[in-house]
Amino acid sequence: QLDNVFGDEMSKQMYAIAEREVAPRSNDAALIGWQLDNEFDFDQDFLVEYLTMNESAAGHRRAIEYLQETYSTVARLNDAWNVTATSFEDAINHVHDKTINSTRYEIDSDAFLYIFASRYFNLSYGA
């Protein structure tokens, strides 16, 4: 579940797997790594995935925070994306508008993918 990357559940799950599977093998010289989870399909649009989550989900909140940090105001978001969103939460309703500045949207989508991947790999490394 994508929300777990920004929520607490993913971290708890990764640490539990590491404790159960890796700790007993920590002195094994042949052990060079351990996969804690199935890999994600990094071709998907994580910004869309997170913006469409329930508003109470940690992942949704992080996507909204990204837009707020990047644009400060909805007017700036609208100018950059060439859309007419009424709020940051409403931005999801405009990602498929024919008028959207697809180049700017792809920059934001890639930037959010970086945030997602950084969080995911930091959790993996920390466990």
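Me: Ground rule before we start: under 20% relative accessible area is buried, over 50% is exposed, and partly exposed is what lies in between. Which class does serine 72 get?

Reply: Serine 72 has a relative accessible area of 47%, so it counts as partly exposed. Keep in mind that this is a predicted model.

Me: OK. Where does serine 72 sit?

Reply: Serine 72 is in the loop between helix 3 and helix 4. It follows helix 3.

Me: What's the phi there?

Reply: Phi of serine 72 is near 65°, which is positive in a residue that isn't glycine.

Me: Why bother flagging that?

Reply: Because most residues other than glycine have a negative phi.

Me: Which other loop residue has a positive phi of about 60° without being a glycine?

Reply: That would be asparagine 82. Its place is in the loop between helix 4 and helix 5.

Me: And what's the relative accessible area of asparagine 82?

Reply: It comes to 43%, so asparagine 82 is partly exposed.

Me: Let's zoom out. How many helices and strands are there?

Reply: Five helices and zero strands. Reading from the N terminus, the order is α-α-α-α-α. The radius of gyration is 18 Å, well over the 14 Å that the globule rule gives for 127 residues, so the protein is more spread out than a compact globule.

Me: What does the C-alpha trace span along the principal axes?

Reply: About 55 × 25 × 20 Å.

Me: How much of the chain counts as buried?

Reply: 40% of the 127 residues. The accessible surface is about 7700 Å², and carbon and sulfur atoms hold 47% of that.

Me: What share of the contacts with a separation of 6 or more joins residues 24 or more positions apart?

Reply: 59% of them.

Me: Charges next. How many positive and negative ones, and how far apart are their mean positions?

Reply: There are 9 positive and 22 negative charges, with mean positions 4 Å apart.

Me: Back to helix 3. How far does it reach?

Reply: Helix 3 covers residues 58-71. Its 14 residues reach 20 Å from first C-alpha to last, close to the 20 Å expected at 1.5 Å a residue.

Me: Which of its residues are buried?

Reply: Ala58, Gly59, His60, Arg62, Ala63, Ile64, Tyr66, Leu67 and Tyr71. Their cover includes helix 2 (46-51), helix 4 (74-81) and helix 5 (102-126).

Me: Pick leucine 67. What relative accessible area does it have?

Reply: 0%, so leucine 67 is buried.

Me: What does leucine 67 touch, leaving out residues up to four places away in sequence?

Reply: Leucine 67 touches Leu51, Ser72, Leu77, Trp81, Phe88 and Ala91. That list has our loop serine in it.

Me: How far is leucine 67 from alanine 29?

Reply: The C-alpha atoms are 45 Å apart in space, and the two residues are 38 apart in sequence.

Me: Last one: serine 109. Which helix is it in, and is it buried or exposed?

Reply: Serine 109 is in helix 5. Its relative accessibility is 11%, so it counts as buried.

Me: What does serine 109 touch, with residues up to four places away in sequence not counted?

Reply: Asp45 and Leu47. Of these, Leu47 falls in helix 2 (46-51).

Methods:
Residues numbered from 1 in each chain as written. Predicted model: local features only at pLDDT ≥ 70, side-chain atom pairs only at ≥ 80, totals over all residues. Heavy atoms only, no water. Helix = DSSP H or I, 4+ residues; strand = E, 2+ residues; numbered from the N terminus. Rg over C-alpha atoms; globule rule 2.2 N^0.38 Å. Buried < 20%, exposed > 50% of the residue type's maximum accessible area, 1.4 Å probe, protein only. Contact = heavy atoms within 4.5 Å. Areas by Shrake-Rupley, 256 points an atom, 1.4 Å probe, with all protein chains shown as cover. Lys, Arg positive; Asp, Glu negative; His and termini not counted. Charge placed at Lys NZ, Arg CZ, Asp CG, Glu CD. Expected span 1.5 Å × (residues − 1).
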